[in-house]
Amino acid sequence: MPRPTGRVLTLLELLQSGGTRTVAELADRLGVEGRTVRRYVDQLVELDVPVESVRGRYGGYRLAPGYRLPPLMLSDDEALAVLLGLVAGRRAGLTTAERTASETASAKIRRVLPQHVARRLDTLLDALTFTDRPGEFDTPDAEVLLTVADAVRHRRPLSVRYTDRDGQRSERTLHAYGVVAHAGRWYVTGQDAGIGEDRTFRLDRIAAARPLPGSFEAPEGPDPAQRLLSAFAAAEYEHEVTLRIRGTVEQIRARLPASVASLEEYAPVAGEDRAAEGWLRVGLRAERLDWLPPLLASLDRPFVIERPAELRDLVSALADRLASCARAEPDRAEAE
């Protein structure tokens, strides 16, 4: 038979699973009488665990928010899920400026894991590899992140101190639409009220954020994630590229995601060959063009380069190199 202390911890675990638990349900799960359940609840309250009583027909007990985190009961699977989430979050850069918080949380959970679970976790981490290298990202301040998220939820304007990529500092009033995690960084999309235009800001470049009086209405249209990807695709770069590619959206997006290129239907003009149907116009901006010829070749779809002419030259040069390699005799190619 379990000892009373074990039953008290089991009671805590049941309450942490959420919702209101009736006395009858708890008594049945613990194998005790109702008055014993009440005594166990009193013991938790004495330990400063915020258990509150719910009156009424469907009353019972539930956990209430407290001034400190109570002892947290996790099953083996839950502990593994939390630890793997922390590992993945650190690797992807999706942590706050308090990087040590993730490490100390992992250490605390690992320290109390049953030995057999800890061994299995170590075995998994030793066997686990990633196809990409861990990034070194500038992470946002936790207080800034939470303040921005609260403003998004309640549609409150924000005053933010921001440093742009050129090191210029400014104070802006932001109507934040949403927080987006993308490629190891945190972003907030919203309207810069000072200029009345939508903007995307990196959260790690926001030094401080404070809510302002009033509220605003978020516009209809693309969600915050789509707004972020569209902003990336339209960002200013050295080259502006326009293509026509014959294929489906899915075929083109396999090589040119929304964060890289914009797509729109291409309608044939009057007198143009109706075979032009089924083409999409692709727009993108890039600092360099040398990566585009092999990418277009990998699409394996008909395409037309509208601009710039420099890209046509690069594609032709790649085609010549490939044709030369294809025609070369094996012995001659090895000698070269």
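Arg-281 has a relative accessible area of 24% and is therefore partly exposed, and in this predicted model the residue forms a salt bridge with Glu-306, the closest N and O atoms being 2.7 Å apart. Because Arg-281 belongs to strand 10 and Glu-306 to strand 11 (residues 303-307), the pair ties together parts that are 25 residues apart in sequence. Glu-306, at 26% relative accessibility, likewise counts as partly exposed. A separate set of shared partners joins Glu-240, Arg-285 and Arg-307 into one network of salt bridges.

**Salt bridges**

The search of the whole structure finds 14 salt bridges, including those tabulated here.

| Pair | N to O distance | Accessibility |
|---|---|---|
| Arg-281 and Glu-306 | 2.7 Å | Arg-281 24%, Glu-306 26% |
| Arg-35 and Glu-33 | 3.2 Å | Arg-35 62%, Glu-33 49% |
| Asp-204 and Arg-202 | 2.9 Å | both buried |

Arg-35 counts as exposed at 62% relative accessibility, whereas its partner Glu-33, at 49%, counts as partly exposed. In the pair formed by Asp-204 and Arg-202, on the other hand, both residues are buried.

**The five-stranded sheet**

An open sheet of 5 strands, with antiparallel pairing, follows the order 6-5-4-3-7. Strand 6 (197-202) and strand 7 (206-211) stand at the edges with a single partner strand each, so one side of each is left without a neighbour in the sheet. On average, and with direction ignored, neighbouring strands of this sheet are turned by 45 degrees against each other. Strand 5 (residues 185-192) runs antiparallel to strand 6 and is joined to strand 6 by 6 bridges; Thr-189 has Thr-200, in strand 6, as its bridge partner. Helix 7 (residues 142-154) packs on the sheet, where the helix touches strand 3 (158-163), strand 4 (169-182), strand 5 and strand 7, and its direction makes about 40 degrees with that of strand 7.

**Nonpolar cores**

In soluble globular proteins, nonpolar side chains tend to be buried together. The largest nonpolar core here has 18 residues, and those with the most contacts inside it include Val-241, Leu-243, Ile-245 and Leu-311. At least two residues of this core come from each of strand 8 (239-246), strand 10 (279-286), helix 10 (292-299) and helix 11 (309-327). Leaving aside residues up to four places away in sequence, Val-241 touches Val-282, Gly-283, Leu-284, Leu-289, Leu-292, Arg-307, Pro-308 and Leu-311. Another core, of 17 residues, lies apart from the largest one, and among its members are Val-8, Leu-26, Leu-44 and Val-51.

Notes
Residues are numbered from 1 along each chain as its sequence is written. This is a predicted model: local features need pLDDT of at least 70, side-chain atom pairs count only at pLDDT 80 or more; totals for chains, interfaces and linings use all residues. Side-chain values use heavy atoms; hydrogens and water are left out. Two strands pair if DSSP finds at least two bridges between them. Helices (H or I, at least four residues) and strands (E, at least two) are DSSP runs, numbered from the N terminus. Axes are lines fitted to C-alpha atoms, for helices over the stretch in contact, and angles run from 0 to 180 degrees between N-to-C directions. Contact means heavy atoms within 4.5 Å. A nonpolar core is a set of buried Ala, Val, Leu, Ile, Met, Phe, Trp, Tyr and Cys residues joined through side-chain atoms within 4.5 Å. Buried means under 20% relative accessible area, exposed over 50%, partly exposed in between (1.4 Å probe, protein chains only). A salt bridge is a side-chain nitrogen of Lys or Arg within 4 Å of a carboxyl oxygen of Asp or Glu.
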